[in-house]
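User: Could you take a close look at one part of this model for me, the place where the two chains meet? I would like a connected account of what lies there.

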Number of protein chains: 2
Amino acid sequence: MTETDAPPHPFDAAVALTPAADGRTRSRTRPEYANMVGPFGGVTAATLVQAVQQHPDRLGDPLSITVNYAAPVADGDFDIAARVVRSNRTNQHWTLELTQDGAVTTTATAVFGIHRDTWADTEIAMPSAPPPDAVPVQGFPDFVAWARNYEMRFVRGAVPDQDAGEHPDSTTTLWVRDNPARPLDFPALTSLCDVFYPRVFLRRGQYMPAGTVSLTVYFHADAGELAAQGEDYVLGTARTHRFSRGYFDQTAHMWGRDGTLLASTHQLVYFKG
Amino acid sequence: MTETDAPPHPFDAAVALTPAADGRTRSRTRPEYANMVGPFGGVTAATLVQAVQQHPDRLGDPLSITVNYAAPVADGDFDIAARVVRSNRTNQHWTLELTQDGAVTTTATAVFGIHRDTWADTEIAMPSAPPPDAVPVQGFPDFVAWARNYEMRFVRGAVPDQDAGEHPDSTTTLWVRDNPARPLDFPALTSLCDVFYPRVFLRRGQYMPAGTVSLTVYFHADAGELAAQGEDYVLGTARTHRFSRGYFDQTAHMWGRDGTLLASTHQLVYFKG
């Protein structure tokens, strides 16, 4: 088998799109990225980014995306409708809908745009962490299929054991990359932004029903900065500000090993317990 | 003039909606809330929240909203189309479009839902600040009309003078409330989430073209917690994580004087300079 005959990376297979009716594109859930109910939300978000990335009208790099998980995506085919709402000189606004048999499961809005040279500064500090090789690989419980596609090395706040008890804070910091390794691009970074397990599990030291309701990613890096990461690890750090009455938020930052802040990402999560 | 004949609070006038064709609602920009170009983005976001709040199909309290500012809203009338994408047992997903003469200027998605009693904790600390009465009132330059509708008492990071020079960090912390004072509700809190001037002005010590591209609010407080704030001040604190190549992000937290974390809010801002 020559190299060009090699099967695609599981992530590329998961975000692959084919043309469908009415200008839509079609994709299909993959068992490799299954979550408890439906597919891993990170891959759904990545597929939406991919739908704009490969759209002929796309302008520039992704700047932001918000994905709303309205209903579980069932195993099987789904369609994505991506519509340009407005193209300005340097940025472009999109709305997206993911449907199955005509029913909307997921909505999104995205902003793409052109980068320009300006004054620049990263104001927050990268968390201090030992190099990835010095941190043991430690994953999720085996029944979480999607997590097996990520090599995770927890610096702080690993998945708690069932009898872990309460934890004083919700911070998880980990080195993470695709497994097998794969060059970083916008869809892959989008998916990594959702790689953190629900913060309430860490605080409470137990599992309970929980799921992302809405996810936002701000892409700080341009395509060149992402390409410069190659297949290297990303350092992700996530925490919650407030848990209250069935919902909590999460803010995370994704750092390149070279100290580049690649993305800031926020989500609202429901929980029961 | 009896009390019931009193003119409405300027904020209530600004977010007022009347029925329009095709199930839309209509509103109108107000000179009191004008920004440099078009209306203050906070009031636009608040009007979108209001459109769902008073929709007959609305379920529960706002949990999150993302507003994308695709084009300036011109002075005059505008229409809002609010569509329920999906109603689940405890939450409800909305998409919204603000149009003028059929052209979309603003898109949004929102999640509303029912609160339930659960384990709860606020993990971050409220910034320490002197009481509002001990902090002088200090506004924006007079040409920013909308800012005159807010009483601002800057604890840290006030609007820089034109010759201020560079500032080492982007943090602004202020006590703020409507002027004249008005009971806090979800639209008013939404608007307060956008009350921070562009962080790049503070860092660079100068004004330059800048504007919000996308704004997200996570509402941590339920209706009861908001009502308990009455007309009291809110302590807002905002900062940027990274400025790069024409864009920066902003994360802010809005605290009740009683220590309740009312909202976490994030935005992506373009700038030129």
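Analyst: Happy to help; here is a walk through the interface of chain A and chain B, from its extent down to single residue pairs.

Please keep in mind that this is a predicted model. The size of an interface is often given as the accessible area lost when the parts come together. Here that buried area is about 6000 Å², with carbon and sulfur atoms giving 51% of it. On the side of chain A, the residues that lose the most area to chain B are Trp119(A), Arg242(A) and Arg245(A), which together make up 15% of what that side buries. Counted by residues, chain A brings 70 to the contact and chain B brings 70.

Let's turn to the polar side of the story. There are 14 salt bridges across the interface of chain A and chain B. One of the residues named above takes part in a salt bridge: the side chain of Arg242(A) meets that of Glu225(B), at 2.7 Å from N to O. Polar contacts link 49 residue pairs across the interface, counting pairs with both residues at pLDDT 80 or more. Strand β14 of chain A, residues 261-271, gives the most to the side of chain A that touches chain B, namely seven residues. By class, that side of chain A holds 30 polar, 21 nonpolar and 19 charged residues.

The backbones join in as well, through strand pairing. Strand β7 of chain A (residues 121-122) pairs with strand β12 of chain B (residues 242-244) over two bridges, in the antiparallel sense. Within this pairing, Asp121(A) has Phe243(B) of β12(B) opposite it.

Definitions and conventions. Residues are numbered from 1 along each chain as its sequence is written. Chains are lettered from A and ligands numbered from 1 in the order in which they are written. Side-chain values use heavy atoms; hydrogens and water are left out. Contact means heavy atoms within 4.5 Å. Buried area is the accessible area (1.4 Å probe) that two parts lose on being put together, summed over both. A salt bridge is a side-chain nitrogen of Lys or Arg within 4 Å of a carboxyl oxygen of Asp or Glu. A polar contact is a pair of N or O atoms within 3.5 Å; within protein, one must be able to donate a hydrogen and the other to accept it, and residues adjacent in sequence count only if both atoms are side-chain atoms. Helices (H or I, at least four residues) and strands (E, at least two) are DSSP runs, numbered from the N terminus. Ala, Val, Leu, Ile, Met, Phe, Trp, Tyr, Cys and Pro count as nonpolar, Asp, Glu, Lys and Arg as charged, and the others, Gly among them, as polar. Two strands pair if DSSP finds at least two bridges between them.
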